[in-house]
Amino acid sequence: MVSDHALLQITGLHKSYRARERSVDVLTAIDLSVRDGEFATVVGTSGCGKTTLLKIVAGLVPATSGEVLFDGSPVTGPPPGLGVVFQEYGRSLFPWKTVRQNVELPLRRNGSSRAQRRGTVDEALDAVGLGKAADAYPWQLSGGMQQRVAIARAVAYRPRLLLMDEPFSAVDAQTRGDLEDLVAGLRRRFRMTVLFVTHDIDEAVYLGDRVIVLGASVSGVQADIPVTLPADRDQITTRSSADFGRLRAEVWAQVRRTPLEKA
Amino acid sequence: MKAVGYALALPVILLTTWWVASAESTNVFAPPLRTIAEAFGDVWFSGRFTRDVLPSLGRLAAGFAIALAAGMGVGFVVGRWKLARDLTAPILAFFRVLPAPVLIPVLLVAVGIGDTTKIVVIAAGAVWPILLSTADGVSAVDEVAQETAAAYRLPTRTRYALLLRAATPQISAGARQALGLSIILMVVSEMLMSTDGLGFTVVQFQRSFAIPQMWSGVLLIGIVGFILAKLFELVERRVLRWHRGHTGQGEQSW
């Protein structure tokens, strides 16, 4: 399922913001690639620039220097074939549009017929278990369901690369588990490539084929850990397996190591 | 139902009090309400309706529509681009405090006494609250919503439409103010320079000592304003249904 083709290739990425006369480095010397079909998770302590990294990849924020290649072309603005799911589902969905209209909105561009679009939207809504809520408004749904709408919108768009920015941070633990399994299933079903940012180490290990640890305060990619767990994962058995425990300890150690090394 | 009862109770009491208190009035300037009511029927359910009420409403509608289109258009530009905001801020601050009726003598000389002058006065006064609230609304549209639209590469036109739609709660608040201003300016402009219309008629009756008729005109202007405000509320409730849901307020009763 994972090919050798690097869909996303980041080389020497650097980002700094100017704040009152001095510039603050947010990301330095990031080298990273995501292969076609891969599920890569990015973890790091808060303030390490995870979200900035994702926004640069999405073409929403310009890099200060370095190169981001998406499918071989440099990213200068939002590239075609990119889906996003943000943490703030309530602000990412358009409240005056129904669930169906929200999911359909990005599809209008690609020249498909109305009937085709309707089919695509229905399929995506069914895939996230919201087939019956198509005509509701986002604000009539629970937080977890709203995030499902955002996921359905991304799935219906058929992105080459799906970017997810801490998508489950704002929902309760059980909903979170359900949504993790939903995304894992959708990724297999639609063969999606995913770059998933989270601050939750367990989530990163549970979902990823690879866990990329960003160093705290400007030290590039701290570690790149392959997740050697079977493809079929389960909230109960996977999370209680010895391999899972070993991996999460390894990631933890890497996340922890950063500030000590700097001191 | 109970709310409707409460809303009607006080007006009914006040009208009844007025009716009873003025019944024996011999004061020429405060005739009995009964006389005013009779005059109301005689004056307004006649040729005057088409001759004076409809032209007034037409000018009001035209002025308000122009204010709405211009205010939303310019307000969008000012709210969307910081450069536009910085460039226009002092000018907007100046015109916003300039009372629209001062335009009347100027326009009277420049344009003449026709409908155009009155429509321009209404539009020139009503445009500001719409313009400023549109600019506020557009500049405050949620960043996540805008990033979502950008990441999914929505066409520019769609993204602008989304910005305006997201700003409708603010635009609507400005438009409500503008509607009130429009009615004031309609009456004032007709009082000062007109040969027909509600404002003209009231002044005309006053000058010819047709006091009950004058009173009936005042009542009619009040009623027109009330009906327009209610119509506005009806439209607003439809357009902003999502906003009340989104911000967690229930359906409000009138």
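**Exercise 1.** Describe the contact between chain A and chain B by finding how many residues each chain gives to it.

*Solution.* Taking contact to mean heavy atoms within 4.5 Å, we find 25 residues from chain A and 20 residues from chain B. The structure is a predicted model, in which local features need pLDDT of at least 70 and side-chain atom pairs count only at pLDDT 80 or more, while totals for chains, interfaces and linings use all residues. Residues are numbered from 1 along each chain as its sequence is written, and side-chain values use heavy atoms, with hydrogens and water left out.

Next comes the buried area, the accessible area (1.4 Å probe) that two parts lose on being put together, summed over both. For chain A and chain B this is about 2,300 Å², with 67% of it on carbon and sulfur atoms. On the side of chain A, R91(A), W96(A) and W139(A) supply 30% of the area that this chain buries against chain B, more than any other three residues.

**Exercise 2.** Which residue of chain A forms a salt bridge with D142(B)?

*Solution.* A salt bridge needs a side-chain nitrogen of Lys or Arg within 4 Å of a carboxyl oxygen of Asp or Glu. The count between the two chains is two, and in one of these bridges D142(B) pairs with R91(A), the closest N and O atoms lying 2.6 Å apart.

**Exercise 3.** How are α3(B) and α8(B) oriented to each other?

*Solution.* Helices are DSSP runs (H or I, at least four residues), numbered from the N terminus. With axes fitted to C-alpha atoms over the stretch in contact, and angles running from 0 to 180 degrees between N-to-C directions, helix α3 (residues 47–80) and helix α8 (residues 156–166) of chain B pack at about 100°, their axes 11 Å apart. The two helices α3(B) and α8(B) are therefore roughly perpendicular, a term for angles of 65 to 115 degrees. Where they meet, M72(B), F76(B) and R80(B) in α3(B) face Y160(B), L163(B) and L164(B) in α8(B).

Notes: Chains lettered and ligands numbered in written order. Parallel < 35°, antiparallel > 145°, perpendicular 65-115°, else oblique.
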